[in-house]
Amino acid sequence: MPTTKTSGLNRYTTFHGYDEMYTQQGNLKPYWQKLLDSFDRLGVDGLIGRQKDIDWLLSENGVTYNVYNDPKGMNRPWNLNIVPFLLHKDEWETVEKGLKQRAELLDLILKDIYGDRMLIKNGIVPPEIIYGHRGFLRQCSGIEYTMEKYLSVYAADLARGTDGRLWVVNDRTEAPSGMGYTLENRSTTSRILPEMYAKMNVTRLSGFFQDLNRMLVEASPIKKENPHIVILTPGSHNETYFEHAYLSSFLGYPLVQGNDLVVRDGFLWMKSLNGLKQIDVVLRRVDDAFSDPLELREDSHLGVAGLLDVVRRKNVSVINPVGSGVMENPGLLPFMPSIAQYFLGQDLILPQIASWWCGQEKEKKYVLENLSRLVIKRIDRTNRESIHFGEFLDSGELDNLKQKIIQRPYRFVAQERISFSTAPNLVKDALEPRNLVTRAFCIASGSDYQVMPGGLVRVAPDRKTIRVSNHRGGTSKDFWILEDGPVNEDKVRSWQKRSTNAVSGLDDLPSLTAENLYWAGRYVGRTLINARFIRMVMRQLSMVQNRNETPDSEKLRTLLRAVTHLTGTYPGFAKKAKKGPQAMENPYQEMLSVIKDPKKVGSLAHTIGMFSNSYYSIRNLWSADMWRVFEDIQQLWKSFQEEEQPSMTRILRVLNKLITRLIAFMGLIEESIMIQQGLLLYFIGLQLEQSMLTITKCRSLLTIKYDAHTEYDLLEYLLISHESLNIYRYSYRSYIQLENVLNLVVLDLEYPRSLAYMLNRLQKDIARLPQSKHDNHLNSYQKFVFEAFSKLRLAEATSLAKTGTEEDFTREALETLLGQLSELLYQTSQSITSSYFNHTDRQNQLFTQFFPI
Amino acid sequence: MHFNVTHTTEYTYDAPVSYGHNIATLRPRKAMGQELLDYHIIISPEPSEITERIDFFGNFITRFSLQTEHKSLKVTTKSHIKRDYAQFQDSFFSGACKSITMNEALIALQSMELEILEAKQYILESIFVKKMDAGISEYAQKSFQGNRSVFDAAFELMQRIYTDFDFVPGFTSISTPIHEVMEQKKGVCQDFAQIAIACIRSVGLPAKYISGYIETLPPPGEEKLVGADASHAWFSIFIPGFGWVDFDPTNNQIPKDQHIVVGWGRDYYDVPPLKGVVYGSGQSKLKVAVDIVRIA
């Protein structure tokens with residue numbers, strides 16, 4: 001049990017047989033020594049401080065991953081341990097050769113099993129291993145690609161065995177994840193440990209991402225200088241969505257969902273704001289079976305109907321090919337040596353775990369006899385849940401498993417249980433050994449493969465855990481390949497040539513992104529206006545009202561009804577509830593639910609939820625500051641939601657904070673996203689929402705005439721909730737009068753919060769949309785806004801303020817105008833939606849014919 | 001024997017469909033004792049593009065897209081088929097076929113011959129024939145025994161399904177799992193074919209699903225009604241050393257010339273006559289008619 005001598009930081013003892021820091025003779029490797037020496041110079045506190053910096057930086061950059069089926073699992077912070085994993089270049093060169101060989105082999109296997117299937121015909125691979133694997137998609141048989149290598153991206157999980165060599169533990173071929181996290185880990189550690197990063201001659205990653213980009217460009221079936229490339233994501237709930245968004249903005253290719261794409265005339269198209277745009281290459285993160293609901297899983301809404309046929313006709317390249325999931329197949333392991341001989345006449349360079357495929361009699365017998373010492377996997381399910389560790393099973397479970405193996409032996413593979421090496425991890429204030437697994441990446445490059453000099457290292461959460469996975473709350477590490485001399489510095493990132501590859505303006509904006517931005521604008525506007533109005537109402541309630549009584553004054557009742565109209569939480573205060581207590585009899589409870597109940601459609605909590613969803617799905621557009629403020633809002637709201645009966649002061653304080661943060665957030669949006677990136681859509685949504693709610697507010701508070709006193713108070717409330725009381729006093733220096741209020745809030749062309757100003761701006765903004773016309777004829781949404789604006793311009797405050805006769809209570813002219821405006825804006829929204837966000841057509845499977853006889 | 005087969009599938013939608021992609025397995029394939037002499041497909045509205053390919057199993061797959069708004073889709077195929085399968089009937093009852101026992105068959109399946117390797121994939125579970133429970137294998141083992149002839153066992157299995165199961169249209173749907181059909185002992189031709197397939201696979205032998213048509217003959221003295229014929233399904237078992245033999249458990253017979261093969265696969269999933277993804281908001285209604293006319 002070796003212990004390091006260096007300092008008090010290192011009471012480091014290794015429990016498992018093998019630790020990365022030591023040679024097999026038990027000596028500390030010189031490069032680890034160098035790292036530990038630098039850690040010593042930092043001291044314990046220094047090191048802990050740096051770890052905190054890492055945590056802070058990652059949360060600043062919003063680096064997260066999601067865990068499925070876990071309500072608390074969304075957007076978990078990504079963990080990166082400060083201690084990198086080190087490997088000397090000499091050792092890595094062998095591994096690199098082995099990885100290239102394996103990538104090459106898997107590529108040949110992939111071509112063969114979807115081609116002539118000579119491996120099966122020649123008896124090299126038993127048919128069950130392919131035909132019995134659910135990832136073998138018969139629909140893909142015979143598909144050919146124009147690229148030299150079909151397997152464009154390959155990832156291997158590596159771990160060091162007791163023989164001191166790095167072993168292949170898993171092959172990842174379907175849609176390997178981790179490259180983005182690797183890049184993020186590197187950019188974080190290189191910033192937090194600059195002195196060590198510089199001194200230790202760490203090989204740079206940038207060349208590899210250059211290769212990735214080149215591979216994507218060259219994958220285009222028709223050679224073009226600037227092929228259209230998209231990254232297809234299952235959406236913001238996917239576990240590695242952060243990475244999809246990250247790669248999208250790093251590589252400069254649009255991030256799309258299945259819904260953004262459509263198949264027509266034998267080609268694949270992206271629905272952009274300005275119509276359809278042909279796509280040449282898809283880097284896909286949607287699983288094989290989900291990528292085409294026409295030919296593959298019918299229930300998938302993540303893919304594109306007809307995609308496979310476009311691929312078949314060589315009109316688009318999908319990377320990796322649909323169907324490559326069949327290679328994530330431990331059943332192949334025992335046959336890999338013969339496959340290597342068959343294709344290359346070579347031995348495998350990288351060792352693999354000893355594996356027994358139960359489809360063979362002798363092997364099955366061995367497995368059944370030694371079950372409790374083995375690890376059992378299904379050939380086509382490599383997720384945690386389907387892996388059985390014989391040693392942890394009781395006799396009943398073992399029998400159960402035996403039965404399963406006997407029933408369908410071809411489906412199971414048993415592997416030797418081996419212990420892998422450990423490496424130091426900073427845990428609280430000490431270095432502790434942890435098991436680790438490294439994911440290495442290969443990219444096709446012409447007739448060869450390029451290997452990333454580094455990778456994603458995942459670390460077990462505690463000393464006992466052998467299985468390593470992000471799901472289980474483990475952490476990650478940066479992976480440094482060390483050279484003896486100084487390394488080539490990162491070249492300037494100019495290779496990205498953003499000018500040519502980047503999304504070239506609004507026309508190319510995927511319509512789903514556009515829609516999300518539009519709704520982001522609408523929800524942020526709705527949250528802000530409603531929060532302000534509710535804050536004002538709560539203040540009034542707190543001043544005059546015992547919590548649970550029907551308000552005695554008309555003005556309060558009017559305010560409460562306005563809350564219901566504004567939020568749309570009917571029946572609320574506005575209508576009689578069909579059953580149960582009336583809201584008006586217990587206004588505090590109703591207000592509380594309008595604020596806090598996330599299930600109540602229209603409530604503040606609900607609106608914030610919608611706002612968050614729309615922001616998550618466009619997070620590739622965010623800046624770091626936006627992320628931080630957004631997190632602040634989430635935190636604030638989350639802790640508030642947990643409170644049972646918050647006091648009035650507490651509610652007001654939360655609303656104040658919410659409003660301030662929203663305003664900060666809105667300011668950041670405007671300066672972080674460019675109009676061409678879609679900010680225009682955000683503005684359109686925001687202006688439209690604010691206009692609509694201003695109309696609703698005025699309709700609820702101003703169209704009925706009350707006694708002078710009530711009327712005065714209502715006008716004042718309106719101005720307060722509109723944040724316009726000071727402006728009013730400044731502009732009119734007078735007693736609050738309806739005419740003046742109408743002039744300021746509704747008709748003023750110069751005042752940014754007035755309806756006329758907002759509609760004027762809306763008119764200008766929508767004119768910039770790709771389908772807007774600039775000749776003599778206006779587009780339909782342009783007509784609606786033009787009509788609304790004209791009506792406002794033709795109106796006059798004095799006539800709007802009048803009732804029909806002195807005895808009438810309704811201000812007919814005002815009510816009519818506001819009613820018409822409301823309808824026109826609703827139509828505007830409908831028209832914009834149908835012109836640009838055509839996702840309304842639901843994807844349906846045709847009824848399948850069932851034979852009558 | 002020559003037949004003209006007209007197969008019409010019509011979908012009507014209650015709301016317009018803006019576009020759709022479809023896949024049809026309707027062109028009859030070449031099969032033992034069967035030849036396709038002429039074939040057309042007529043699609044209305046006119047598809048904006050249409051392609052044909054041969055799939056993994058050797059079936060013809062037609063793919064077409066409709067890109068103009070439409071409220072109904074009608075696909076009609078007309079096939080002229082020459083059927084000469086009855087001539088093989090005697091060979092099934094010959095010693096070459098009948099003498100092979102299950103034990104011999106299971107040993108033969110270990111061989112590395114190409115035909116065997118190809119056939120072995122039909123032992124594995126498939127999309128609709130999986131999660132076989134004890135009920136299935138118990139039912140199978142009553143007929144399939146080690147030193148019994150595979151052909152005799154399959155013949156008996158067909159007879160037993162015909163006797164034990166009630167033909168009840170509408171009782172099952174394509175998503176009804178086979179163990180439920182097994183429990184209820186009710187269903188239609190697809191169910192019976194898939195039950196048989198499940199049974200055969202449960203004893204370790206290859207079986208496949210055949211999709212096609214059957215000519216129905218009117219009761220003596222009556223005229224045949226147009227559209228009275230139908231799509232049909234049956235199964236085929238692989239007897240190593242002999243080959244594939246078809247059985248129709250719905251009609252308790254070994255197909256002769258009135259059975260017309262369209263395609264085959266592991267189960268219904270591999271050969272649905274028509275499927276598709278449409279974009280629209282409404283519901284669809286389906287009407288199918290098959291008409292088989294003998295030509296002298």
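The following dialogue examines how several descriptions of this predicted model are justified.

Visitor: Why is Ile651(A) called buried?

Guide: A residue is classed as buried when 20 or more other C-beta atoms lie within 10 Å of its own. Ile651(A) has 23 such neighbours, and therefore counts as buried. This residue belongs to helix H19 of chain A, residues 648-672.

Visitor: What makes Met538(A), Ile595(A) and Pro646(A) contacts of Ile651(A)?

Guide: Contact requires C-beta atoms within 7 Å. Met538(A), Ile595(A) and Pro646(A) touch Ile651(A), residues up to four places away in sequence being left out of the count. As for Lys596(A), 55 residues from Ile651(A) along the chain, the C-alpha atoms of the two are 10.0 Å apart.

Visitor: How do you know that strands S14 and S16 of chain A pair?

Guide: Pairing calls for at least two bridges. Strand S14 (residues 374-378) and strand S16 (residues 412-416) of chain A are joined by five bridges and run antiparallel, so the criterion of at least two is met. Within this pairing, Leu374(A) has Glu416(A) of S16(A) as its bridge partner.

Visitor: Which order do the strands of the open sheet follow, and why are S13 and S15 of chain A said to stand at its edges?

Guide: The four strands are ordered S13-S16-S14-S15 in chain A, with antiparallel pairing. Strand S13 (355-357) and strand S15 (388-389) each have a single partner strand, so one side of each lacks a neighbour in the sheet. Helix H11 of chain A, residues 361-369, packs on this sheet by touching S13, S14 and S16, and its direction makes about 120 degrees with that of S13(A).

Visitor: What makes up the contact between chain A and chain B?

Guide: On the chain A side there are 32 residues, in contact with 41 residues of chain B. Helices H3 (118-121) and H4 (127-131), together with strands S8 (261-264) and S23 (843-845), each supply at least two residues of the chain A side. By class, that side has 13 nonpolar, 10 polar and nine charged residues.

Visitor: How do you know that S23(A) pairs with a strand of chain B?

Guide: S23(A) and strand S12 of chain B, residues 274-280, share three bridges in the antiparallel sense; at least two are needed, so the strands pair. Asn844(A) stands opposite Val278(B) of S12(B).

Visitor: Which domains does chain B have, and how do they meet?

Guide: The domain assignment gives domain 1 (2-83 + 272-295) and domain 2 (86-270). Their C-alpha centres lie 25 Å apart. The contact takes 21 residues from domain 1 and 18 residues from domain 2 of chain B. Strands S1 (2-24), S5 (70-83) and S13 (284-295) of chain B each supply at least two residues of the domain 1 side, with the largest share, five residues, coming from S13(B). That side has 14 nonpolar, four polar and three charged residues.

Visitor: What makes a set of residues a nonpolar core, and which residues have the most contacts inside the largest one?

Guide: Its members must be buried residues of the qualifying nonpolar types, joined through C-beta atoms within 7 Å. The largest such core has 217 residues, and Ala154(B), Ala196(B), Phe235(B) and Ile237(B) have the most contacts inside it. Helix H2 of chain A (residues 89-113) gives the most to this core, with 10 residues. Ile237(B) touches several residues, including Ala154(B), Ile200(B) and Phe247(B). Another core, of 97 residues, lies apart from the largest one, with Phe611(A) and Ile766(A) among its members.

Definitions and conventions:
Residues are numbered from 1 along each chain as its sequence is written. Chains are lettered from A and ligands numbered from 1 in the order in which they are written. This is a predicted model: local features need pLDDT of at least 70, side-chain atom pairs count only at pLDDT 80 or more; totals for chains, interfaces and linings use all residues. A residue is buried if 20 or more other C-beta atoms lie within 10 Å of its own, exposed if 12 or fewer, and partly exposed in between; C-beta atoms are placed from the backbone. Two residues are in contact if their C-beta atoms, placed from the backbone, lie within 7 Å. Axes are lines fitted to C-alpha atoms, for helices over the stretch in contact, and angles run from 0 to 180 degrees between N-to-C directions. Ala, Val, Leu, Ile, Met, Phe, Trp, Tyr, Cys and Pro count as nonpolar, Asp, Glu, Lys and Arg as charged, and the others, Gly among them, as polar. Domain bounds come from an automatic or database domain assignment.
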